[in-house]
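Student: I'm new to this one, so could we go through it together, a question at a time?
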Amino acid sequence: MASAHSRMRCGEFRTTYQEDMTIFPTPLARRVAVVSVLLLLLAPLCLNAYYLNLLIQIGYYGIAALGLNIVVGFTGQISLGHAAFFGLGAFASAWISNNSGIPVFFSIPLAGLLTLAVGLLVGIPAGRIKGLYLAIATLASQYILEDFFARAEWFTGGSAGAMASPFSVFGHIMNSDQSYFYVVLFYVVIMFMAGANLMRTRDGRAFVAVRDHYLSAEIMGINLNKYRILSFGISSFYAGIGGALFGHYLGFVSAEGFTLLLSIQFLGMVIIGGLGSVMGSMLGTIFMVLLPEVMEFGVHLVGSESTTLTQALAYIKEMAIGLAIILFLIFEPDGLAHRWRMIKNYWKLYPFSY
Amino acid sequence: MNFELLIQLIVNGLIVGTLYGVVAMCFVLIYKSTRVVNFAQGEFLLIGAWTCWAMLVKFELPFYVGFPLTLVFMLVFGIVLQVVVLRPMIGEPIISVIMVTIGLSMFFQALVAWIFGGYTKAFPTVFETASVNIAGLQIETAYLMSMVVSLVIMIGFYFFFKYSRMGLAMRATAFNQQIAQSLGISVKHVFAAAWAISAVVSALAGVVIGMVNGVSSALSFIGIKVFPVVILGGLDSIVGSIVGGLMIGVLENLAEFFDSQWLHFGNMYNIAPFYALVIILMIKPYGLFGTKDIERI
C-alpha cells in the first residue's frame, strides 16, 4: 500500500482543479452511487407493491424537487408555482400522446420541452424582479395556471380530467409497478446526472454567482436577465418531466391535484433536503414522501380503534408537513444534506475530532 | 347592459374593498416594521373568527364578553407567534422567512380544520341583518356595519401612528432599525407589538366577514387575496393598502360583471386580481405608493 494512503486523512482536500470539478466528491461516493443504483435495479424483484409505489413517488417528486432546487437553491430565486408546472407536464404528456399518436416514450421529453417553453415565458417577469416580489408573482402564476387547468377542456378535459395512456417501449406495455419502476429509475439517474453536471458548467456557475451576489455577478459579465429566465426554464423542464412520469404512472390526470399545497410541499422538500444541494433534493423528497406514511403508521399505532384520530389523519399529515418546514427552518436551516455532511465529517475524524 | 346591477356590484366592491384594505393594512404593518412577508395573514382571520364563534356558540358567552376575550386571545397569540417562531428568523434569508410563514399558514389551516371541521358554520345573530334601502340600492346592514368598523379601524390606525408613543416607535423602526435602537426604542417590543396589533385587527375583520358569510376555511383565502392589494398599493404603504383594497374589491366585482354579461369564462371573481397582480408587477413593481428600493454597491 502506498505510503500516502496508509495514513489517515484528516479531511477532504482538493489539490487540483480537476479534483474540484468531479461529479462525485470522492471515489467512494461514486462507488456508493453506482452500487445503490444497481441495488435499486433489483428492488422490483424483492419489494412488494406498497414499497415500490413509495419509491416511484420519490422518483418523480425527486426530479421535480431537483428542478425547484436549481431555481431556489442555486439561483436564489423563489418560486411558489412549481406544482403548476408539474401539472402542466402531466397534462401536456397526456395530451400529446392522446392527440398526435406520438408514443408515450417520446411524449414525456416533449412534455418537458413544452413546460420549458411555458416556464421561459413565465420566467420573463422573473428576470426583472426578485425576492418576495417574485414569490408573489409566481404565486399569481400558480393560481392562473390552476384556473387554466380547470377551464381548458381541449387540453386537460376540464373538471373531468384527462386519461394518460401507459408507458410502452417496442410494443411492450409497462404499466405494472414493477416495470414502471425501471422507467422512473432511468429518468431519475439521467436527470440527477444532468443536474450534477449542470453545476460544473459555465451556466451552472453563473447561477451560483447570481445567487451569491447578483451585483458582483453582473459586473463580472453575467447577464442577469438571461440566467434568471434560463434557471426558471430549466426548473420547469424538470417539473414537466416529473409531472409527465406522474401522469403516466397514475394513468389519469385531474386538475385538482396541482394546488398551492403541492407547491409548498416541493419547497418543503428543497428546504428540508438542503438548498443548493443536488443530493439534498433527493433526501428532502424521501423525507417528505415518508412523513405522511410515518404519521399514518403512528396514528394507527396510537389509536387504531379511536375513529376521531383516523378521521383527522389528513389534517394531521398536513400539520406535520407545516411543522416540519418550520422546525427545519428554525433548527437546521441548511437541511439534511448539511446534517449528512456533519455526520460524515464526524466519522472521518473519529475518534480525534480536534 | 344592466346598470342597476353594475352599480350594486360597484357598491359591493367598495364594501368588500374596505375589508381587504383593513387586512392589507395589517399585512403592511408587519412588513413595514419587521420586514416579514406574512403568508399566514389569512389564518389570523380564520383563527379569530373561529375563536369568537367558539366563545359564542360552544361556551355560550354573550357577544360583549366573548368578542373582547377573542381579541385578548389574538393579542397573546400574535405575541407568542412572534417570539417563538419569528424571532429566531431575524437575519435569515428572505426565502426562509417566507417559508416559515407559509409553514405556519399550512399548520394552522389544518389545525383549525381538524378542530372545527371543514363546513361553513353560521354566527349567531348579534345584530339584525335586514337589508336597508339607500338611494334605491339594497345594502345589508351587516355590510354597512362592516364598513363602519373598517373606517373606525382606519381612523384608529391614523391616530395611533400619528400620536401614540408605540406608533411613533414603530414608524421609527420601520425607517431604520439601528437608529431606532440607538434612540432607546426596544425593537423587540416593537416587533411583538406589530404582530399583536396585526393579529387583533385581522381577527376583528375575520369576525365581521364571518358574521356576513359564515365561518369557514374560505376566510384564509383572503390572506392570499391580500397580495394583489398590497402589490397594487405598494408593499410598505398604509395609504396604499386602503386604496389598493378598494380598487381590487371593485375590480373583482367588475370582472364578475363583465364575465357574466359577455365573456362567460367563469371564476373571474377569484382570478382577475391575480392577472392584475402580474400586470402591475411588470409595469410598476413598487405599486402606487410604495417606496422604490435603490441599491448601492
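Student: Where is A192(B) found?

Tutor: Before we start, note that this is a predicted model. As for A192(B), look along chain B for a helix that covers residues 187–213. A192(B) is found in that helix of chain B, α8.

Student: Is A192(B) buried or exposed?

Tutor: Count the C-beta atoms around it: A192(B) has 20 neighbours inside 10 Å. A residue needs 20 or more to count as buried. So A192(B) is buried.

Student: How far apart in space are A192(B) and G78(B), C-alpha to C-alpha?

Tutor: Along the sequence, A192(B) and G78(B) are 114 residues apart. A192(B) also touches I79(B), Q82(B) and V83(B), leaving aside residues up to four places away in sequence. From C-alpha to C-alpha, the distance between A192(B) and G78(B) is 7.4 Å.

Student: Which helix gives the largest share of the largest nonpolar core?

Tutor: That core has 197 residues, and those touching the most other members include Y238(A), L45(B) and V226(B). The largest share is 17 residues, and it comes from a helix of chain B. That helix is α8.

Student: V226(B) came up just now. Which residues does V226(B) touch, not counting those up to four places away in sequence?

Tutor: V226(B) belongs to α9(B), and it is one of the residues through which α9(B) contacts α1(B). On the α1(B) side, that contact is made by Y20(B), V23(B), A24(B), F27(B) and V28(B). With sequence neighbours up to four places away left out, V226(B) touches Y20(B), V23(B), A24(B), F27(B) and Q41(B).

Student: At what angle do α1(B) and α9(B) pack?

Tutor: Two packed helices are described by the angle between their axes and the distance between the axes. Here the axes of α1(B) and α9(B) are 9 Å apart. The helices are roughly perpendicular, with an angle of about 80°.

Student: How many residues of the contact of α1(B) with α9(B) are nonpolar?

Tutor: Sort the contact residues by class. There is 1 polar residue and 1 charged one. The nonpolar ones number 9.

Student: How many of the residues of α9(B) are buried?

Tutor: α9(B) has 13 residues and reaches 19 Å from its first C-alpha to its last, close to the 18 Å expected. Its cover includes α7 of chain A, together with α1, α2, α10 and α11 of chain B. Among the buried residues are K225(B), P228(B) and G233(B). The helix is mostly covered, and its buried residues number 12 of 13.

Student: Now the contact between the chains. Which helix gives the most to the side of chain B that touches chain A?

Tutor: The contact takes 32 residues from chain B and 32 residues from chain A. On the chain B side, α4, α9 and α11 each supply at least two residues. By class, that side has 28 nonpolar, 3 polar and 1 charged residues. The most, 15 residues, comes from α4(B).

Student: Is E60(B) buried or exposed?

Tutor: E60(B) lies in the loop between α2 and α3 of chain B. Its phi is near 55°, a positive value in a residue other than glycine. E60(B) has 9 other C-beta atoms within 10 Å, so it is exposed.

Student: What is the phi of R35(B) near?

Tutor: R35(B) is found in the loop between α1 and α2 of chain B. With 15 C-beta neighbours inside 10 Å, R35(B) counts as partly exposed. Its phi is positive although R35(B) is not a glycine, and the value is near 60°.

Conventions
Residues are numbered from 1 along each chain as its sequence is written. Chains are lettered from A and ligands numbered from 1 in the order in which they are written. This is a predicted model: local features need pLDDT of at least 70, side-chain atom pairs count only at pLDDT 80 or more; totals for chains, interfaces and linings use all residues. Two residues are in contact if their C-beta atoms, placed from the backbone, lie within 7 Å. Helices (H or I, at least four residues) and strands (E, at least two) are DSSP runs, numbered from the N terminus. Ala, Val, Leu, Ile, Met, Phe, Trp, Tyr, Cys and Pro count as nonpolar, Asp, Glu, Lys and Arg as charged, and the others, Gly among them, as polar. Axes are lines fitted to C-alpha atoms, for helices over the stretch in contact, and angles run from 0 to 180 degrees between N-to-C directions. Angles under 35 degrees count as roughly parallel, over 145 as roughly antiparallel, 65 to 115 as roughly perpendicular and the rest as oblique. A nonpolar core is a set of buried Ala, Val, Leu, Ile, Met, Phe, Trp, Tyr and Cys residues joined through C-beta atoms within 7 Å. The expected span of a helix is 1.5 Å times one less than its number of residues.
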